[in-house]
Amino acid sequence: MADVPRQRALVWLKRDLRIHDHAALVAAQSHADALALFVIEPEWLQSPECDASHVDFALACLTELRTALAQRGLPLLVRVGSCVAVLAQLHAELAFTHLLSHEETGPGWSYTRDKQVAAWCQSQHVLWQEFTQTGVVRRLRSRAGWAVRWQSHMDAPLQILQGGFTAAAPVDQPQLPSLSSLGFTPHGKTLQAAGEKAARRTLKSFLQERGYDYRKALSSPLTAEEGCSRLSPHLAFGTLSMRTVHQATEVAIGHTPDRTLAYALRGFAGRLRWHCHFMQKLEDEPDIEFHNFARVCDGLREDDFNGAYFAAWCEGRTGYPMVDACMRSLVATGWLNFRMRAMLVSFASYHLWLHWRLPGLFLARQFLDYEPGIHWSQMQMQSGTTGINTLRMYSPTKQAQDQDPQGLFIRRWVPELAKVPLPYLAEPWKMDTSVQHLAGCTIGGDYPAPIVDDKTAMKAAKDRMYGLRQTDEAREEAGDVQARHGSRKSGLPQSGQRRKAAAKEPSTPSPQGDLFA
């Protein structure tokens, strides 16, 4: 009888840096032996959306994960290089027969990488098995019934490791590379704690304590810092699975005697669906990372791009205090609440008339929780190029007055305005010379004058955007976009069970939604 090849599994980790609810790790336990791999790819490091803070966070996650896997008998290899080249080298050394991983809805470079990996596996007779990680559905033919499928996946049992692993032959496990060895200088950001342990602590504190005022807290950058879940980096890097968050939230709702907390958490639970809803758009149409949803918008802003405006926006020097405070806060911390993210994109798109691609890349580098599917869908939604969503044009003055009424956030992040009287803080250009002198802030010197006039810029943007949307071509294309990407009612019956009631999708997302959780 011919010898049966020994089945050896290689678990390829990507944005799933955790132990719990990890289908690929669970599947690896059925093989004779296994090992895990994370590849630090030059294509990622050199991509225009990658930042040193992203790499730093990933390395911290890997440090914790390597220890946790070692305790279960599974070596974690970390290699630097293009993925196919790394896989080929390991295959020559270890002759693995199965490649196990989660599906990934990522940017263009990862999409290209996955196609190359698939071709390599086929050529080497390696069986590549991918597992669903989020509520995103591969090769989805229609959005009808999507919410039901999301609910089914989220309600399925968690994938829990049972015992340890039978490891492959001993392999070299050098120390993880440093940021400097990968070509990065220190990023200087104050980041959230990384790793699965921190993720689970964050989830617990939100569900038991911080989530109490969630619905009220999520709009203002002052209250959102604590009142939002702050789980978004952990979902982006996969230190928590969406299914874990969903099921823990449902348990918290069902067990808390506090009706106010339960009400707040129901709002959060619904937004978990929107998280995957927007990721599905990129899965269905990868080109939206680069081109407008509504192609009737092609040429709308591309030829009018103002580099000076873009630089001022990136630097937090637009002359609009709330815009500048939000940008500076984001650059320093890697996080900002969703409403203020929307305001930044709205200001860039409508006041400054900038095409979304370059602002989107800049924001991607700043956001520690950069999630490509959400990010590029939202960049287009907030800039009005989806063709189907309501045009949301934020007044930076009104946002300052509504979301920072005492000026605490602005004074913290724009110290030039620290002594400006509160009545002028949202519109410091209205101070006369004597008030500027008393405040120690000269407009046009210590702090810039507005780079555009609010009312003039908004009127011009409205005229162009609404004029375009009224054309026959735009209306016809909007129907096509809605058919492909628009949300659907789930069709689930009414029920006394909280879980089923929550599965009904709203027809349009709230502009205040914590899409990044």
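These exercises work through a sheet, one helix and the cysteines of a predicted model.

**Exercise 1. The sheet**

Work out in which order the strands of the open sheet lie, and which strands form its edges.

Solution.
- Step 1: Take the strand order. Five strands form the open sheet, and they lie in the order 3-2-1-4-5.
- Step 2: Take the direction. The pairing is parallel.
- Step 3: Find the edges. Strand 3 (76–80) and strand 5 (127–131) each pair on one side only, which makes them the edge strands.
- Step 4: Add the twist. From one strand to the next, it averages 25 degrees.
- Step 5: Look at one pairing. Strand 4 (residues 98–102) and strand 5 run parallel and are joined by five bridges. In this pairing, His102 stands opposite Phe131 of strand 5.

**Exercise 2. Helices across the sheet**

Find which strands helix 4 and helix 5 lie across.

Solution.
- Step 1: Start with helix 4 (residues 83–94). Strand 1 (8–13), strand 2 (33–40), strand 3 and strand 4 all lie under its path across the sheet.
- Step 2: Take its angle. Helix 4 runs at about 155 degrees to strand 2.
- Step 3: Turn to helix 5 (residues 108–124). It lies across strand 1, strand 4 and strand 5.
- Step 4: Take its angle. Helix 5 runs at about 140 degrees to strand 5.

**Exercise 3. Helix 17**

Decide whether helix 17 is mostly covered or mostly open, and name what covers it.

Solution.
- Step 1: Check the length. Helix 17 (residues 372–383) has 12 residues. From first C-alpha to last it reaches 16 Å, close to the 16 Å expected.
- Step 2: Count the buried residues. Helix 17 is mostly covered, with 12 of its 12 residues buried. Among them are Pro372, Trp376 and Met379.
- Step 3: Name the cover. It includes helix 12 (259–284), helix 15 (338–351), helix 16 (357–366) and helix 22 (454–469).
- Step 4: Step past the end. Just after helix 17, Gly384 takes a positive phi of about 85 degrees.

**Exercise 4. Cysteines**

Count the disulfides, and explain why Cys61 and Cys83 form none.

Solution.
- Step 1: Set the cut-off. The two cysteine sulfur atoms must lie within 2.5 Å.
- Step 2: Test Cys61. Its closest cysteine sulfur is in Cys50, 14 Å away, so the distance is too far for a bond. Cys61 is also buried, at a relative accessible area of 1%.
- Step 3: Test Cys83. Its closest cysteine sulfur belongs to Cys121, 8.7 Å away, so this too is too far for a bond. Cys83 is buried, at 3% relative accessible area.
- Step 4: Give the count. It comes to zero disulfides.

Definitions and conventions:
Residues are numbered from 1 along each chain as its sequence is written. This is a predicted model: local features need pLDDT of at least 70, side-chain atom pairs count only at pLDDT 80 or more; totals for chains, interfaces and linings use all residues. Side-chain values use heavy atoms; hydrogens and water are left out. Two strands pair if DSSP finds at least two bridges between them. Helices (H or I, at least four residues) and strands (E, at least two) are DSSP runs, numbered from the N terminus. Axes are lines fitted to C-alpha atoms, for helices over the stretch in contact, and angles run from 0 to 180 degrees between N-to-C directions. Contact means heavy atoms within 4.5 Å. The expected span of a helix is 1.5 Å times one less than its number of residues. Buried means under 20% relative accessible area, exposed over 50%, partly exposed in between (1.4 Å probe, protein chains only).
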